[in-house]
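User: Hello! I am new to this structure and would like to learn how to read its features one by one. Could you guide me?

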Amino acid sequence: QVQFVESGGGLVQPGGSLRLSCAASGTNISNYVMNWYRQNLGNQRAFVAAISRFHTPSYAGSVKGRFTCSRDNAKNTVYLQMNSLKPEDTAVYFCNAVDVVLGAGNYWGQGTQVTVSS
């Protein structure tokens, strides 16, 4: 069974940092483009960051320069380092995996809550 599980969310003060992880099981992430999305109340899920199979990241404008997306294929895990957090970063963060080699699937994790508040 293929699963992607996020962790690392929590409550942090404005200006603080968190590192989210997305760990895969039942598959090897080397075949996947890995994405991070976020969703807060009343809004649609929005793209945050992505990292290609070749470790090339891309970011939404709102997080560029503050967030860093990376992957460790040996650990089957993707990370989102979030620095200089703002209250508007508050959301549930989701990991999304798209198999671009075999076309075997498009998977979502269950999400992890990030709350930025003083």
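Analyst: Happy to; we will go through the sheet, a hairpin, the disulfide and the aromatic rings in turn. Please keep in mind that this is a predicted model.

User: Let's begin with the sheet. In what order do the strands of the open sheet lie, and what is the sense of the pairing?

Analyst: The general idea comes first: strands of a sheet pair through backbone hydrogen bonds, either parallel or antiparallel. Here, 4 strands make up an open sheet, and reading across you meet β1-β3-β8-β7, with antiparallel pairing. At the edges are β1 and β7, each of which pairs on one side only. From one strand to the next, the twist averages 15°.

User: How many bridges join β3 to β8?

Analyst: Strand β3, residues 18–25, is joined to β8 by 6 bridges, and the two run antiparallel. To find one of these places yourself, look for A23: its bridge partner in β8 is T77.

User: And on the other side of β8, how do I read the pairing with β7?

Analyst: β7 and β8 (residues 77–82) also pair in the antiparallel sense, over 6 bridges. A good landmark is S70, which stands opposite Y79 in β8. The two strands form a hairpin with 4 residues between them.

User: Which residue in that turn has a positive phi?

Analyst: That is N76, with a phi of about 55°, although N76 is not a glycine. N76 is also buried, because its relative accessible area is 14%, and buried means under 20%. H55 is another residue with a positive phi, about 70°, and it is not a glycine either. You will find H55 in the loop between β5 (46–51) and β6 (57–59). With a relative accessible area of 42%, H55 is partly exposed.

User: Now the side chains of a strand. Which residues of β7 point to the buried face?

Analyst: In a regular strand the side chains alternate between the two faces of the sheet. Strand β7, residues 67–72, shows this: F67, C69 and R71 point to one face and are buried, while T68, S70 and D72 point to the other and are not.

User: C69 is a cysteine. Why does C69 not form a bond with the closest cysteine sulfur?

Analyst: The reason is distance: the closest cysteine sulfur belongs to C95 and lies 8.7 Å from that of C69, which is too far for a bond. C69 is buried at 4% relative accessibility.

User: Which cysteines do form a disulfide?

Analyst: A search of the whole structure finds 1 disulfide. It is formed by C22 and C95, whose sulfur atoms are 2.1 Å apart. The torsion about their S-S bond is about -75°, so this disulfide is left-handed. The pair links distant parts of the chain, with C22 in strand β3 and C95 in strand β9 (residues 91–99), 73 residues apart. C22 is buried, with a relative accessible area of 1%, and C95 counts as buried at 1% too.

User: Next, the aromatic rings. How many aromatic pairs are there?

Analyst: A pair of aromatic rings is described by the distance of the centres and the angle of the planes. In this model the count comes to 6 aromatic pairs. One of them is F4 with Y107, a tilted pair at 5.7 Å centre to centre and 35° between the planes. F4 sits in strand β1 (residues 3–7) and Y107 in strand β10 (residues 106–108), so far along the chain that they are 103 residues apart.

User: Are those two residues buried or exposed?

Analyst: F4 is buried, with a relative accessible area of 4%, whereas Y107 counts as partly exposed at 23%. Y107 also forms a tilted pair with Y32, at 6.2 Å centre to centre and 55° between the planes. Y32 belongs to strand β4 (residues 32–39), and that pair spans 75 residues. At 2% relative accessibility, Y32 counts as buried.

User: Which rings are linked into a cluster?

Analyst: Ring pairs link Y37, F47, F94 and W108 into a cluster. Look for R45 there too: R45 lies over the face of F94, at 3.7 Å from the ring centre. R45 also lies over the face of W108, at 4.7 Å from the ring centre.

Note on methods. Residues numbered from 1 in each chain as written. Predicted model: local features only at pLDDT ≥ 70, side-chain atom pairs only at ≥ 80, totals over all residues. Heavy atoms only, no water. Buried < 20%, exposed > 50% of the residue type's maximum accessible area, 1.4 Å probe, protein only. Pairing = 2+ DSSP bridges. Phe/Tyr/Trp six-rings, centres within 6.5 Å; stacked < 30°, edge-to-face > 60°. Lys NZ or Arg CZ within 6 Å of the ring centre and 35° of its normal. Axes fitted to C-alpha atoms, helices over the stretch in contact; angles between N-to-C directions. Disulfide = S-S within 2.5 Å.
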